[in-house]
Amino acid sequence: MTVQSVLDEIRERPGTGDVIPVFNPATEEQITEFKDCGPEAVNAAVARAKETAESGVWKGMPPSERAKVLWRVGELIDQNTDELAELESLNAGMVPMQAKATVTVSAEFFRYYAGWCTKIEGIASDVHTGGLTGIDSHQHAYTLKEPYDVVGLIFPWNGPIFNFCAKLAPSLAAGCSSVVKPAEETPLTALILDRILSEAGVPDGVANLLIGYGHTAGAAITAHPDVEKVAFTGSTEVGRAIVQASGVSNLKKVTLELGGKSPVLIFDDADLNLAVPMASFGTFVHSGQACVCGSRIFAQRGVYDQVVEGLANMANAMKLGGPTEDGSMIGPLISQKQLTRVLGYLDQGKSDGVDVVTGGHRLDRKGYFVHPTVLTNVATTSRLFQEEIFGPVVSVIPFDDEDEAVALANDSTYGLAATAWTKDLGRAHRIAKRLKAGTVGLNCQMQFDHSMPFGGYKQSGWGYESGKAGIDTYLQTKIVWAQM
């Protein structure tokens with residue numbers, strides 16, 4: 001599929017709801033539009049998924065055959081890298097290098113989970129016990145790992161193809177059937193992926209693509225009584241709504257990967273030649289539109305001024321631009337809505353007396369661009385410090401000792417990721433135990449591997465993605481007792 005064919009195809013998709021425009025965030029121009037699929041389409045997609053689950057066309061397939069299909073999906077994603085990356089740049093505002101890297105990482109989800117298809121297994125034990133009856137008896141007990149029949153996969157606009165693959169690959173490996181809904185702002189790569197799944201051999205009705213608003217299609221998925229589980233990535237606010245909807249409908253199981261306000265601790269003995277560039281990348285990448293971005297940087301007083309100056313220099317050196325502009329390092333925010341949100345935080349911060357070291361404004365050009373922003377004199381009680389901004393904005397705050405650094409870092413309702421930069425390995429590992437975050441980097445930042453679980457503490461989510469934990473979340477455990 002070409003980029004133009006995708007733009008044309010989405011216009012022709014049937015729907016009964018509102019017409020939803022799709023924009024290029026680098027130019028603010030509308031590039032296509034589509035109709036919200038409507039509640040009837042959700043019901044029909046869930047029915048197709050349930051039918052395939054009950055027939056066993058996918059979960060009953062030999063695991064080695066499912067593995068071959070998943071491996072083929074990964075190969076086809078690789079073969080369509082250029083088109084997928086171009087769409088990711090056009091629709092989500094990613095610079096080309098980031099977009100291509102994202103596609104490569106996304107393809108690997110299917111190869112990684114292809115290996116798990118043949119390794120889904122329970123435990124077995126011979127048990128000699130009186131049990132609840134008190135009568136001495138001998139049983140053989142074992143567990144079965146069984147997929148949920150129908151799962152709903154809902155994901156956001158900041159990493160469309162990554163989140164599509166991160167959820168669908170383990171779901172398919174487990175044997176689930178699914179309904180899949182991308183964000184309404186960024187549905188384009190999902191059309192190519194939907195075509196790839198069919199070409200690779202995923203049976204019709206096993207993975208059902210729905211495009212529409214979160215409050216319509218997404219809400220219908222989470223409320224549907226035949227959807228047994230929902231996996232969602234997005235804001236904590238929407239995560240709460242999904243939990244409430246699951247409780248009202250059928251107490252469906254829920255996996256949530258939510259917001260973050262990740263701290264970065266830079267101690268006096270840190271290698272600033274590494275820590276400052278990595279901290280800059282870790283907060284400004286994708287214009288700060290990543291849940292793991294290190295948006296609160298704490299620097300020990302001995303290096304505080306150097307860290308602030310280094311971050312400002314990096315912010316000023318990063319070229320902002322669209323996907324067709326040579327040398328672009330950072331793209332735009334996703335939408336006018338997000339631009340208004342980020343500028344609102346900055347305006348409030350200025351009125352509260354924060355010091356803007358650099359940035360703090362929109363670029364004077366087309367596109368939703370905000371200059372990478374470094375702030376100091378930020379109160380720990382302020383919205384800038386406590387709330388997820390999801391923009392290229394970082395607050396830099398001094399600290400005196402290890403205890404103060406940890407206390408500041410943990411002063412958040414979120415707990416997704418954290419980083420510490422220090423040459424003292426004892427201190428590094430002490431801090432790793434004390435930081436309340438699902439992922440902690442020691443002298444490294446923004447690390448990821450498909451084999452390692454990813455999830456958050458506190459209000460950053462429920463459950464884990466990636467690794468063995470990623471497939472376990474799509475499996476139920478059945479315990480079987482047999483009298484010997």
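Is aspartate 403 buried, partly exposed or exposed? With a relative accessible area of 49%, aspartate 403 is partly exposed. Because anything over 50% would count as exposed, this residue falls in the middle class. Please keep in mind that the model is predicted.

## Salt bridges around helix 15

Let us stay with aspartate 403 for a moment. Its side chain meets that of arginine 434 in a salt bridge, with 2.9 Å from N to O. Aspartate 403 belongs to helix 14 (residues 402-409) and arginine 434 to helix 15, so this pair ties together parts of the chain that are 31 residues apart in sequence. Arginine 434 is partly exposed, at 35% relative accessibility.

Helix 15 also takes part in a salt bridge between arginine 427 and aspartate 269, where the N to O distance is 3.3 Å. This pair links distant parts of the chain, 158 residues apart: arginine 427 sits in helix 15 (residues 425-434), while aspartate 269 sits in the loop between strand 10 (263-266) and helix 10 (272-284). Arginine 427 counts as buried, with 17% relative accessibility, whereas aspartate 269 counts as partly exposed, with 27%. Both pairs belong to a network of salt bridges made up of Asp269, Glu402, Asp403, Arg427, Arg430 and Arg434.

## A salt bridge within helix 3

The whole structure holds 21 salt bridges. One of them joins arginine 72 and glutamate 75, whose closest N and O atoms are 3.5 Å apart. Here both partners lie in helix 3, three residues apart, which is about one turn of the helix. Arginine 72 is partly exposed at 29% relative accessibility, and glutamate 75 is partly exposed at 30%.

Just past this helix comes another residue worth a look. Asparagine 80 is placed in the loop between helix 3 (63-79) and helix 4 (81-92), and it is buried, with a relative accessible area of 17%. A polar atom of the asparagine 80 side chain lies 2.7 Å from the backbone oxygen of leucine 76.

## A buried aspartate without a salt bridge

Side chains of opposite charge can pair when their charged atoms come close. What, then, is the nearest side chain of opposite charge to aspartate 36? It is lysine 181, at 7.6 Å, and aspartate 36 is buried yet has no salt bridge. Because a salt bridge needs the nitrogen and oxygen within 4 Å, lysine 181 at 7.6 Å does not qualify.

Aspartate 36 does have a polar partner: a contact of 2.5 Å joins its side chain to that of threonine 216. Aspartate 36 itself is found in the loop between strand 2 (29-35) and helix 2 (39-55). Leaving out residues up to four places away in sequence, aspartate 36 touches a set of residues that includes Gly15, Thr16, Gly17, Asp18 and Ile20, as well as Ile211, Gly212 and Tyr213.

## The hairpin of strands 1 and 2

Strand 2 runs antiparallel to strand 1, and six bridges join them. Within this pairing, phenylalanine 23 stands opposite glutamine 30 in strand 2. Four residues lie between the strands of the hairpin, where glutamate 28 takes a positive phi near 70°.

Which residues form the covered face of strand 1? They are Ile20, Val22 and Asn24, while Val19, Pro21 and Phe23 make up the uncovered face.

## A three-stranded open sheet

An open sheet has three strands in the order 3-4-22, with antiparallel pairing. Strand 3 (124-129) and strand 22 (475-483) stand at the edges with a single partner strand each, so one side of each has no neighbour in the sheet. On average, and ignoring direction, neighbouring strands of this sheet are turned by 25° against each other.

Strand 4 (residues 137-147) pairs with strand 22 over nine bridges, in the antiparallel sense. Glutamate 146 stands opposite glutamine 476 in strand 22.

## Valine 396 in strand 14

Our last stop is a residue of strand 14 (residues 393-399), namely valine 396. Valine 396 counts as buried, at 0% relative accessibility. Setting aside neighbours within four places in sequence, valine 396 is in contact with Ile297, Tyr304, Val307, Val308, Leu311, Val374, Leu375 and Thr376. Glycine 321, which is 75 residues from valine 396 in sequence, is 25 Å from it in space, C-alpha to C-alpha.

Terms used:
Residues numbered from 1 in each chain as written. Predicted model: local features only at pLDDT ≥ 70, side-chain atom pairs only at ≥ 80, totals over all residues. Heavy atoms only, no water. Helix = DSSP H or I, 4+ residues; strand = E, 2+ residues; numbered from the N terminus. Buried < 20%, exposed > 50% of the residue type's maximum accessible area, 1.4 Å probe, protein only. Lys, Arg positive; Asp, Glu negative; His and termini not counted. Polar contact = N/O pair within 3.5 Å; in protein donor to acceptor, adjacent residues only side chain to side chain. Contact = heavy atoms within 4.5 Å. Pairing = 2+ DSSP bridges. Axes fitted to C-alpha atoms, helices over the stretch in contact; angles between N-to-C directions.
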